[in-house]
Amino acid sequence: RLSGGQAVRSSTAAGFHQHCFTAPSGFGQSVRAGDNLVVWIYIPSGTTPNEIMLQWHDGTSWNHRAYWGSDYTGWGTEGTASRYRIGNVPTARDTWVKLVVPANLVGMQGSTAFGVAYGFQQTNAGGTIYWDHTAIYHDEEIVYVNQFYEKNASTGEGTAHYYFNGQ
């Protein structure tokens with residue numbers, strides 16, 4: 001299931017790094033009461049993140065954040081849906097770790113998710129994080145964020161596109 005084959009890899013430089021996507025108009029996914037927002041990450045040995053942050057876009061703003069570790073970015077208001085601390089940075093290394101955020105803690109229940117952002121802060125250069133399966137858990141149903149890569153035949157350049165399955 002988690003092969004890392006489609007994982008996004010964060011930069012190895014010191015500082016804050018972020019990857020994000022937004023779905024095209026009409027391709028969002030509803031987030032219902034009781035849903036969990038889930039992302040699988042892989043932290044290699046030697047990586048010492050100070051903060052791991054996830055953000056969701058509701059079609060209007062990115063003010064739906066959860067984080068683990070220390071407060072480095074200061075975006076949003078601490079203790080609210082715009083900046084909610086879940087706990088410490090996971091200590092497991094060299095294995096996939098599931099990050100789970102109850103949608104109500106970040107103000108996403110009853111909304112439509114149009115985007116996800118993955119971010120992390122590290123003081124020292126050299127570490128990285130791999131971000132893989134991203135999903136909304138609706139009771140027993142799991143709605144994954146999918147990705148496809150489109151290559152321009154004339155230029156050879158590519159673009160990654162993201163969408164929620166079932167859309």
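Biologist: Which residue in S8 is the bridge partner of Asn-36?

Modeller: The bridge partner of Asn-36 in S8 is Pro-102. This is a predicted model, in which local features need pLDDT of at least 70 and side-chain atom pairs count only at pLDDT 80 or more, while totals for chains, interfaces and linings use all residues. Residues are numbered from 1 along each chain as its sequence is written, and side-chain values use heavy atoms, with hydrogens and water left out.

Biologist: How many bridges do S4 and S8 have, and in which sense do they pair?

Modeller: The pairing of S4 with S8 is antiparallel and has seven bridges, where two strands are said to pair if DSSP finds at least two bridges between them.

Biologist: And how many bridges does S4 have with S11?

Modeller: S4 and S11 are also antiparallel partners, with six bridges; among the facing residues, Val-39 is opposite Thr-134 and Tyr-42 is opposite Tyr-130.

Biologist: What else is joined to S11?

Modeller: S1 runs antiparallel to S11 and is joined to it by two bridges, with Arg-9 having Tyr-130 of S11 as its bridge partner. Val-8 also belongs to S1, which covers residues 8-9, and its C-alpha atom is 5.1 Å from that of Trp-131, although 123 residues separate the two along the chain.

Biologist: Is Val-8 buried or exposed?

Modeller: Val-8 is buried, at a relative accessible area of 17%; buried means under 20%, exposed means over 50%, and partly exposed is in between, using a 1.4 Å probe and protein chains only.

Biologist: Stepping back, how many helices and strands does the chain have?

Modeller: The protein chain has zero helices and 13 strands. Helices (H or I, at least four residues) and strands (E, at least two) are DSSP runs numbered from the N terminus. Of the 167 residues, 41% count as buried, and of the contacts with a separation of 6 or more, 67% are between residues 24 or more positions apart, a contact being heavy atoms within 4.5 Å.

Biologist: Which residues touch the most other members of the largest nonpolar core?

Modeller: That core has 26 residues, and Leu-37, Ile-41, Ile-52, Leu-54, Trp-56 and Trp-131 touch the most other members. A nonpolar core is a set of buried Ala, Val, Leu, Ile, Met, Phe, Trp, Tyr and Cys residues joined through side-chain atoms within 4.5 Å. Strands that each supply at least two of its residues include S4 (36-42), S5 (49-57) and S11 (130-138). In S4, five of seven residues are buried, and in S11 seven of nine are.

Biologist: What does Leu-54 touch?

Modeller: Leaving out residues up to four places away in sequence, Leu-54 touches ten residues' worth of neighbours that include Val-39, Trp-68, Leu-99, Val-101, Ala-117 and Trp-131.

Biologist: Changing topic, how many salt bridges are there in the whole structure?

Modeller: The search finds two, a salt bridge being a side-chain nitrogen of Lys or Arg within 4 Å of a carboxyl oxygen of Asp or Glu. Glu-51 forms one with Arg-83, with the closest N and O atoms 2.4 Å apart; Glu-51 is in strand S5 and Arg-83 in the loop between S6 and S7, 32 residues apart. Arg-83 also meets Asp-71 in a salt bridge, at 2.6 Å from N to O, and since both of these residues lie in the loop between S6 and S7, the pair ties together parts that are 12 residues apart in sequence. Through shared partners, Glu-51, Asp-71 and Arg-83 form one network.

Biologist: Are those three buried or exposed?

Modeller: Glu-51 is buried at a relative accessible area of 0%, Arg-83 is buried at 1%, and Asp-71 is partly exposed at 40%.

Biologist: Where is confidence lowest, and where highest?

Modeller: The lowest mean, 44, belongs to strand S13 (residues 158-164), and the highest, 97, to strand S7 (residues 84-87); pLDDT is the predictor's confidence in each residue, from 0 to 100. Residues 147-153 have pLDDT below 50, and this stretch has 20 contacts beyond near neighbours in sequence. Residues 156-167 stay under 50 as well, with 47 contacts beyond four places in sequence. The chain average is 81, and 79% of the residues score at least 70.
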